Amino acid sequence: MGWLYSALSSSIGKKFVMAVTGICLILFLIIHLINNLTMYGGPELFNTVVKNLDIIKPIVRVIEAVLVLIFVFHIFNGVKLWYENKKARPIGYTVNGSSKNSDITSRTMIVSGSIVFIFLIIHLKTFWVSFNLGHPLAEEHQYYEIVASAFSNWIYSGLYIVAMVLLGFHLNHGFQSAFQTFGWNNNKYFPLIKKLGLIYTLIMVIGFASIPIYFLFFYGGNV
Amino acid sequence: MAEKKLNLTLKIWRQAGPNFVGNFAEYKLAVSPDSSILEMLDDLNNDLENKNLEPVAFESDCREGICGTCGLVINGQPHGPIPKIATCQLHMRHFNDGDTIWIEPFRAKAFPIIKDLMVDRSAFDRIQETGGFISVNTGSVPDGNAIPISKDIASEAMDSATCIGCGACVAACKNASAMLFVSAKVSQFALLPQGQPERYQRVQAMVKKMDELGFGSCSNTYACEAECPKGISVKNIARMNRDYFMAKVKTENVES
Ligand code: SF4
Ligand code: FES
């Protein structure tokens, strides 16, 4: 298996790992968003959906474990690449002309990724831990109320929205970048892939960010 | 004939040798808008020599954009602000009177500075030696048109083959990655029948060498394509990624 390890640790191999894990996370976000949008169906719908996930708990746990692995690979590999790539140019340019030849989102994946990562930790603490580890409301399956109270906090909601915008920058570059890495770049379909990536990104950002906005402005102080 | 000259301030990177600390030196000069940037540096060097000062070391050969020897980073952009030309083709008419122009060498760990604006790009030769060729049996001249190939494919291979090996792609990339250069060299053969026998061996060997030499990894910013004097497309990188993947999947060689 030495060949596999060396293939995956070559420069192209590392990109490939980034792309595969990235695509998995892109797919995961779709499922996550669909789940979140059930909140618009009211507390009952959302609480039933989450409660029903409880029934298939073992499967959920396995999926969660796989997700953690994917995240770890994506983050570890990304940080490693960033560090190695920094070392490939020990002395930088005095005049930085990169804004004239490339897109800022493509150059700042480490920044957008890191902020999303910090957000992810806080996010897991706020929701995953509350839902799974004996929050009193969770015991009574009042998941919707947990969300509503978290989002009634301006700071948390603000952070959430900022993180979603940065996630958008990350996704917009990452989506088409993954296809380029797989070698699927061609005059006919690459422009389509780029458009699809933008549409996907907009749906994700607007979809996720709409929920704190809803709770802040429209749910109305009855929390 | 009274010619309107441009008064410029040049900030040029001066470094006495590979292990010296470099710094920017400032020069003021008046230059004809018809002069190329290298001719301007020639003028400056004549001046410096007349004053018994060390001239600025920089490289050039053909001075018509076909050899890939020249290469300066001008105001942060390899080969300067005009797309699809080499440094030697950049004329001073693109600048304005009173401008300050920053001139730096290509910067990458794999391209160590030799002196001033000269860098050692022999890392590219090391990559080429590992597979940037096809092995042919010499013998009598083959018949013309003996190998059928469509015009479209031939043109695409020709596009890849226009890479002049200047290194601007490495200089432009935030990761100092050589992917555009290597992918052009891989593609020019991967597209043609003559390149098939060694196709998978070539891509693996060249990528391996590229990694060993300390170039960074590609993160698809596409800065290389934007700065390449020959407009080499990042589609070549996609092709190389695909070939590398296929090489790993298809061949039984566990060594490379
Ligand atoms: S790909 Fe373009 S920038 Fe890179 S070495 Fe070839 S000609 Fe120069
Ligand atoms: S000197 Fe030959 S390309 Fe510029």
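Which helices of chain B each supply at least two residues of the shell around ligand 1? They are helix H4 (168-172) and helix H5 (179-190); helices (H or I, at least four residues) and strands (E, at least two) are DSSP runs, numbered from the N terminus.

This is a predicted model, in which local features need pLDDT of at least 70 and side-chain atom pairs count only at pLDDT 80 or more, while totals for chains, interfaces and linings use all residues. Residues are numbered from 1 along each chain as its sequence is written, chains are lettered from A and ligands numbered from 1 in the order in which they are written, and side-chain values use heavy atoms, with hydrogens and water left out.

**Surroundings of ligand 1**

Of the 13 residues around ligand 1, those that come nearest are Cys163(B), Cys166(B), Gly167(B), Cys169(B) and Cys228(B); a residue is near a molecule if one of its heavy atoms lies within 4 Å of it. By class, the shell holds 11 nonpolar and 2 polar residues, and no charged ones. Here Ala, Val, Leu, Ile, Met, Phe, Trp, Tyr, Cys and Pro count as nonpolar, Asp, Glu, Lys and Arg as charged, and the others, Gly among them, as polar.

**Salt bridges**

Over all chains, the structure holds 16 salt bridges, each defined as a side-chain nitrogen of Lys or Arg within 4 Å of a carboxyl oxygen of Asp or Glu. In chain A, Lys14(A), Lys80(A) and Glu84(A) are linked in a network of such bridges. Examples from chain B are tabulated below.

| Salt bridge | N to O distance |
|---|---|
| Lys28(B) and Glu26(B) | 3.6 Å |
| Glu59(B) and Arg121(B) | 3.1 Å |
| Glu129(B) and Arg126(B) | 3.1 Å |

The salt bridge between Glu59(B) and Arg121(B) links distant parts of the chain, 62 residues apart. Glu59(B) lies in the loop between helix H1 (37-50) and strand E3 (73-74), and Arg121(B) in the loop between strand E7 (118-119) and helix H2 (122-129). By contrast, Glu129(B) and Arg126(B) both lie in helix H2 of chain B, 3 residues apart, about one turn of the helix.

Accessibility is classed as buried (under 20% relative accessible area), exposed (over 50%) or partly exposed (in between), with a 1.4 Å probe and protein chains only. Arg121(B) counts as buried because its relative accessibility is 13%, whereas its partner Glu59(B), at 25%, is partly exposed. Arg126(B) is also partly exposed, with a value of 33%. Lys28(B) counts as exposed at 62%, and Glu26(B) as partly exposed at 43%.
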